[in-house]
Amino acid sequence: MLSDLPKTIDPIRLARAGSRLEGSLETGIMERLAPLLMTPDGHVDFRLDFLQDSDGVNIVESECCTALSMQCQRCFNPVAIEIHTHSRLVVVASEEAARDIPADCEPLLFNGENLDLARMIEEEILLALPIAPRHEHEQCHAGTRDSLAGNRGKNPFSILKNLEL
């Protein structure tokens, strides 16, 4: 759905105008996110509010929402991962300037060249992904400690005692 949205954005110009961008992007176009998904046919709904505070600081308030199909790291079956993000980004020109932003904000490094909108949304989703996606314990198809307890008495090396040397 990128056709209705700009491909690139100037966050300072948008903040000065008090703009809002809202839409949906397909996960399949996100080069870093798509390989992590079991099926890259989903979408990310987002809203970006651009504003300037009373000190002239350019701010982007970002909200993203998606449901992704990832591989459970316990049972290796698909698991639906719901992602809801809310970020407050401060537009900065350098990493040095990023050190001075408020603690409840994240830096958005902007060197004057327009930012790729899809890449910016993708970054928000990547930062919110779980390190090891997995089902809730009771929903997972992987073996549990209880199901493995029956094998506790068997020594896996007991067959070696019959080996003649």
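In this predicted model, the sulfur of C64 lies 8.8 Å from the closest cysteine sulfur, which belongs to C65, and this is too far for a bond. A disulfide is a covalent bond between the sulfur atoms of two cysteines. Searching the whole structure turns up zero disulfides. C72 is likewise in no disulfide, its nearest cysteine sulfur being that of C75 at 3.7 Å. That separation of 3.7 Å for C72 can be set against the cut-off, which asks for sulfur atoms within 2.5 Å. As for solvent, C64 has a relative accessible area of 3% and is therefore buried. C72 is buried too, because its relative accessible area is 0%.

C64 also appears in the surroundings of T85, a residue of strand β5. Once neighbours within four places in sequence are set aside, T85 is in contact with S62, E63, C64, E124 and A128. T85 counts as buried because its relative accessibility is 12%, and the limit for that class is under 20%.

The loop between β4 and β5 holds F76, and the backbone there deserves a brief look. Most residues other than glycine have a negative phi. F76, by contrast, has a positive phi, near 65 degrees, although this residue is not a glycine. A positive phi is also found at G56, with a value of about 85 degrees, in the turn of the hairpin formed by β3 and β4. Five residues separate the two strands of that hairpin.

Strand pairing around this hairpin can be followed from one strand to the next. Strand β2, covering residues 20-26, pairs with strand β3, residues 43-52, in the antiparallel sense and over seven bridges. Within this pairing, G23 has F46 of β3 as its bridge partner. On to the next pair: β3 and strand β4, the latter spanning residues 58-71, are also antiparallel, with eight bridges between them. Here D49 finds its bridge partner in β4, namely E61. Strand β3 thus takes part in both pairings, with β2 and with β4.

Attention now turns to open space in the model. Rolling a probe the size of a water molecule over the atoms shows where empty space is left. The largest pocket has a volume of about 350 Å³. Its lining comprises 14 residues, and those closest to the centre are P107, L108, R119, M120 and E123. At least two lining residues come from each of β5 (78-92), β6 (106-109), β7 (115-116) and α3 (117-128). Helix α3 gives the most, with five residues. In chemical character, the lining of this pocket divides into seven nonpolar, one polar and six charged residues.

Finally, E106 offers a view of strand β6, where this residue is placed. With a relative accessible area of 46%, E106 is partly exposed, a class that sits between the limits of 20% and 50%. Its contacts, leaving out neighbours within four places in sequence, are R88, L89, V90 and I101. For one of these contacts, V90, the separation in sequence from E106 is 16 residues, while the C-alpha to C-alpha distance is 6.2 Å.

Technical notes: Residues are numbered from 1 along each chain as its sequence is written. This is a predicted model: local features need pLDDT of at least 70, side-chain atom pairs count only at pLDDT 80 or more; totals for chains, interfaces and linings use all residues. Side-chain values use heavy atoms; hydrogens and water are left out. Two strands pair if DSSP finds at least two bridges between them. Helices (H or I, at least four residues) and strands (E, at least two) are DSSP runs, numbered from the N terminus. On a 1 Å grid over the protein atoms alone, a cavity is a set of points where a 1.4 Å probe fits but cannot get out, and a pocket is an open set with protein on both sides within 12 Å along at least five of seven lines; lining residues have an atom within 4 Å of a point. Grid points are joined across faces, edges and corners, and a volume is the space filled by probe spheres set on the points. Ala, Val, Leu, Ile, Met, Phe, Trp, Tyr, Cys and Pro count as nonpolar, Asp, Glu, Lys and Arg as charged, and the others, Gly among them, as polar. Buried means under 20% relative accessible area, exposed over 50%, partly exposed in between (1.4 Å probe, protein chains only). Contact means heavy atoms within 4.5 Å.
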